[in-house]
Amino acid sequence: MNTKKEKFPYGIPGHNLGEIEREIPIEEPPVWPVNDKLKVIGKRVTRIDALDKVTGKAKYTSDMKLPGMLYAKMLRSNVPHAVITSIDISKAKNLTGVHAIHLIENSPKEGEENTKGKYPMVKYVGQPLGGVAAESLEIAKDAIALIKVNYEEKPFVIDMEAAMEIGAPIVFDEPITQQEDGGDVGEVHDGSKGQGNVRGPSTSSFFGGPRGDLEKGFAEADVVVERTYRTQVHTHMPLETHGVVVDWKPDLMMVYTSTQNTNNVRNEMASIFNLPKSKVRVVCDFMGGGFGAKHSAGSFGPMAANLAKKSGRPVWLMLDRQEEHLAEGNRPSSKQYLKIGAKNDGTLTGIQQRSHGTAGVGLGAGVGRIAQILYSCPNFATEQYDVLTNAGPGAAWRAPGNVQGAFGLEQAIDELAEKLKMDPLSYRDHIDKSEVRKVERQRGAALFDWSRRQPAGSGKGVVKKGLGVGQSTWPRFVTLDSSVEIKIHNDGGVEVRSSVQDIGTGTKTILAQVVAEELGLQVKDIKVNIGDTFFPVGPGSGGSVVTGSITPPTRNAAFEAKKELLNLVAKKWETDAAELFISDGQVGHNTDTELKMSFKEATKLMRTSQISKTASRSDDYGGFQQPWGLAYGDLGSVQFAEVSVNTNTGFVKVDKIVAAHSCGRPLNIGQLESQINGGVIQGVSYALYENRVMDKSTGHMVNANVDQYKVPFSMEIPEIESIIVEEYSARSSTDAYGIGEPANIATAAAIANAVYNAIGVRIYEIPITPSSILKALNKVS
Amino acid sequence: MEDKNQGSDPKKTKSITRRSFLRGAGLSTAGSVLLTTNTFALDYKEQLAAGKEFGPEAMTIKMKVNGITESLSVEPRTTLASALRDHLELTGTKIVCDRGSCSACTVYLDGKPVNSCMMSVFDVGDKEITTIEGIAQNGKLHPVQEAFIEHDATQCGYCTPGMVMSCVHLLDTNTDINLEDVKKATRGNLCRCGTHPHVFKATLSASKKTT
């Protein structure tokens, strides 16, 4: 491989910015300087699709209407555990306006006998059993109500701790495997190990397994904190529910879907219906939120396709709000035991973690890697167990596992600091080796005015103020299967094409920025056509991988296209193409200032009507920590919380959050702030409000709606100030990373620490409700 | 559903379904106004007085939306939200909770915000509907829309039409506003992406530009 040596900006401006030399492939574009010296990157560029959104013109999957389209509704179980003895569809079939009914049946492999019965066993309330397509949604609903399902009910278990008991009803009496979009993405949860409903443990991650000797570590400790923390199940509740419109043409299956992963949905549908990938096209232009739960075609995708096949018409199938809560994902619960030991000087000597969590009928209820890697500690071990219950399956939820893990770890570190008689922020300076979090602590503490913090519970009056801090880390994941096509048309138009989708984070806009910067054009000159699997494969929008994966090939493809264009200009001017550049829409020459040509004019020199260049994600400059795309470094954050606790009513109000974050080279400040706000608000919600409430006697979720599933509305939104720390690590042609996951990790822990600081009593369980505050204060029993 | 006979012979069914009845009943004031002032809905009053029953089959009604009188064929159980989205293809109005708890379906009825998912389309009568598609006038955005773009007050964008409707109504009725006013105006608007801080900022900025 031909290489070249280049000097890159390295470090944090205003702190330790320097340079590093990297040997990189010769075809990589030249080094971008720090953001200060760029025109479009790192600026407050307005979202290129905002106009469509504010005028109501943006078309989401749920808004689709195709000629002849039918509306579908799913049939779902209303018991938590049962064998289906029969399903009677005769009345539904005869209802005027009904075009197709499809029931989910066990399909044994060819040559195998079906020993499992006609229909799959019911394992939770809301499990999909079938679907109806009709001329209107109302008719489809009527038809569903006319279907009679006969169940032979089995004992079931909803409560996690009850499910762990010997003799509890068994959810699965067979080994099960984790879904790819299960609760704790990036970890392998082995469903074949374990006993009864308790599966696992998972003891390692891609950062390795246990290290050192815990017994020795705790023997060396002068101070030990040993606690159990509990977190609830919460559901994603995206405003647009899961769903699809399937238009199965003779030679092409068109799938419009609200997804975080067009490529994955395409692959699933192709595999399920035994079609070549070339004959399935998945499109997602706008989508109304996912937060981790929308990576798959689920059961609704194949259902709509089956109904489309049976009816010969396009089928619209969007779930309703209740179905969304019951069956389309949740963040698993956790019960985490943590034991942390430290010497009197604060040095950590041992961290032991043991967790149980339930992702219902799914696996992936781990607590992540945060205890393993946030602080250096020579002795560490974790055991993370999944507990199966008769409830809807978990799914990835913004920083899966790690939000639960941070809630435990960051409270334990706070408690340890107090035992060591150290300020919790200074204590983190002592045990945290991350340079970026050091800067975040400094800048955050200054903006937040951490020096106001008083000893725990020392406030006077009924309403007590408290200040707390929490930290997080998130790996820099890169999906190497990330490709982009750049087209320069001979009328000056520039187009970006990839299957990567914009889930509301602003992906379309950052791609336009990257291309505009590289081509010396304005953002408005770039048309971004993404979210379509007919274009080169892009990454799924999860794990904060998109920016780090797709912006480097976008820049590289634009760079290649530019080279080809400049070669044509150089030929015309009889000069060396290396002397040419494009700036402000003009091609110019480094030394001969007389030579000028507009970009549009230059595109007329093309022999064909377009230049088309496709690039894929190169390996990180300097290589990966793990070859599949685990980059070096972390996305660190430090969040500060200020709360008011009314000690008479138990009411907690979050007054302010200061959120200091890093994401490599920031691309779009406004969009980054938006995502930080979102992560923080979801963290406030997790800490204080939302909770999936299950009726243990029936297995039904009792708050499967918006009015009783409490999340923050405007009156509960705290003041949020964000600090975005630029950090250069010279790893790719953009050196940029995402921020979606990190923004959500530390908030609940920071709030719990602030509540402790306010009232002087620790709360080990979320959501922190008025009742838990009053119980902590011994005001109610 | 109560109408078990609907499939075999829709004509035998005597009334609208319980669900749509409850929805209509939720706006009984508007309903009684309808009976006296509706000039569009096919002489509804006279026909009702003559003992005619309506539904469950579709009927043609007229409704004024964004200044245009639209004719649409709807079943009596149709909500205003569904009529706008499914019949008039005005899909900017979103259905999120379908029970009046999230304001994503906010439209104006004679200039006042209502949850269109909680209203029967038959209760609209001759009142004028304004949807998100009718906020920009002659291609010119409302200052709130401009400010939403400038301050990045959208993420996934699904709550955005409802948010814009709430904030535009606030500014159209009061230009001297503070943060608390914006919070109160949007207190029923669910946003899951957490766009609220930028919505507040945008609306305050728009109010400065309109005064």
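# Two chains, their contacts and their salt bridges

Chain B has eight helices and five strands. Keep in mind that this is a predicted model. Two chains meet here, with 61 residues of chain A and 51 residues of chain B taking part in the contact. Below you'll find chain B and its two domains, then the A–B interface, then a few spots inside chain A.

**Chain B overall**

- Going along the sequence, the elements of chain B come in the order α-α-α-β-β-α-β-β-β-α-α-α-α.
- Chain B has 211 residues, and 55% of them count as buried.
- If you take the contacts in chain B between residues at least 6 apart in sequence, 56% of them join residues at least 24 apart.

**The two domains of chain B**

- The domain assignment splits chain B into domain 1 (10-131) and domain 2 (143-210).
- Where they touch, 16 residues of domain 1 of chain B contact 10 residues of domain 2 of chain B.
- About 1000 Å² is buried between domain 1 and domain 2 of chain B, with carbon and sulfur atoms giving 62% of that area.
- On the domain 1 side, B:K94, B:S103 and B:Y108 lose the most area to domain 2 of chain B, and together they make up 40% of what that side buries.
- You won't find salt bridges between these two domains of chain B: the count is zero.
- There are, however, four residue pairs in polar contact between domain 1 and domain 2 of chain B, both residues at pLDDT 80 or more.
- Two strands of chain B, β3 (106-109) and β4 (112-115), each supply at least two residues to the domain 1 side that touches domain 2.
- Of the elements on that side of domain 1 of chain B, β3(B) gives the most, with three residues.
- By class, the domain 1 side that touches domain 2 of chain B holds seven nonpolar, seven polar and two charged residues.

**A close look at B:H142**

- B:H142 sits in the loop between β5 (128-130) and α5 (143-150) of chain B.
- With a relative accessible area of 13%, B:H142 is buried.
- The side chain of B:H142 makes a polar contact of 3.1 Å with the side chain of B:D172.
- Leaving out residues up to four places away in sequence, B:H142 touches B:I135, B:A136, B:V168 and B:D172.

**Where chain A meets chain B**

- Chain A and chain B bury about 4600 Å² between them, and carbon and sulfur atoms give 55% of it.
- Six salt bridges run between chain A and chain B.
- In a salt bridge between A:R47 and B:D152, the N to O distance is 2.6 Å.
- Polar contacts add up to 25 residue pairs across the A–B interface, both residues at pLDDT 80 or more.
- On the chain A side, the elements giving two or more residues are α1 (50-54), α3 (137-146), β11 (234-235) and α16 (669-688).
- The top contributor to the chain A side is α16(A), with 10 residues.
- Sorted by class, the side of chain A that touches chain B has 25 nonpolar, 23 polar and 13 charged residues.

**Salt bridges inside chain A**

- Over all chains, the salt bridge count comes to 55.
- Side chains of opposite charge can pair when their charged atoms come close.
- A:K73 pairs with A:E323 in a salt bridge, with the closest N and O atoms 3.2 Å apart.
- A:K73 is in strand β3 (residues 70-76) of chain A and A:E323 is in helix α8 (residues 321-327), so this pair ties together parts 250 residues apart in sequence.
- Both A:K73 and A:E323 are buried.
- A:R76 also forms a salt bridge with A:E323, at 2.6 Å between the closest N and O atoms.
- That pair links A:R76 in strand β3 with A:E323 in helix α8 of chain A, 247 residues apart.
- A:R76 is buried, as is A:E323.

**Around A:L467 and A:E642**

- A:L467 lies in strand β20 (residues 463-477) of chain A, and its relative accessible area of 6% makes it buried.
- The C-alpha atoms of A:L467 and A:A754 are 4.3 Å apart, although 287 residues separate the two along the chain.
- Beyond its neighbours within four places in sequence, A:L467 contacts residues including A:R452, A:E642 and A:A754.
- A:E642 and A:R452 form a salt bridge, with 3.1 Å between the closest N and O atoms.
- A:E642 is buried at 9% relative accessibility, whereas A:R452 is partly exposed at 33%.

Key:
Residues numbered from 1 in each chain as written. Chains lettered and ligands numbered in written order. Predicted model: local features only at pLDDT ≥ 70, side-chain atom pairs only at ≥ 80, totals over all residues. Heavy atoms only, no water. Domains from an automatic or database assignment. Contact = heavy atoms within 4.5 Å. Buried area = accessible area lost by both parts, 1.4 Å probe. Salt bridge = Lys/Arg side-chain N within 4 Å of Asp/Glu carboxyl O. Polar contact = N/O pair within 3.5 Å; in protein donor to acceptor, adjacent residues only side chain to side chain. Helix = DSSP H or I, 4+ residues; strand = E, 2+ residues; numbered from the N terminus. Nonpolar A, V, L, I, M, F, W, Y, C, P; charged D, E, K, R; others polar. Buried < 20%, exposed > 50% of the residue type's maximum accessible area, 1.4 Å probe, protein only.
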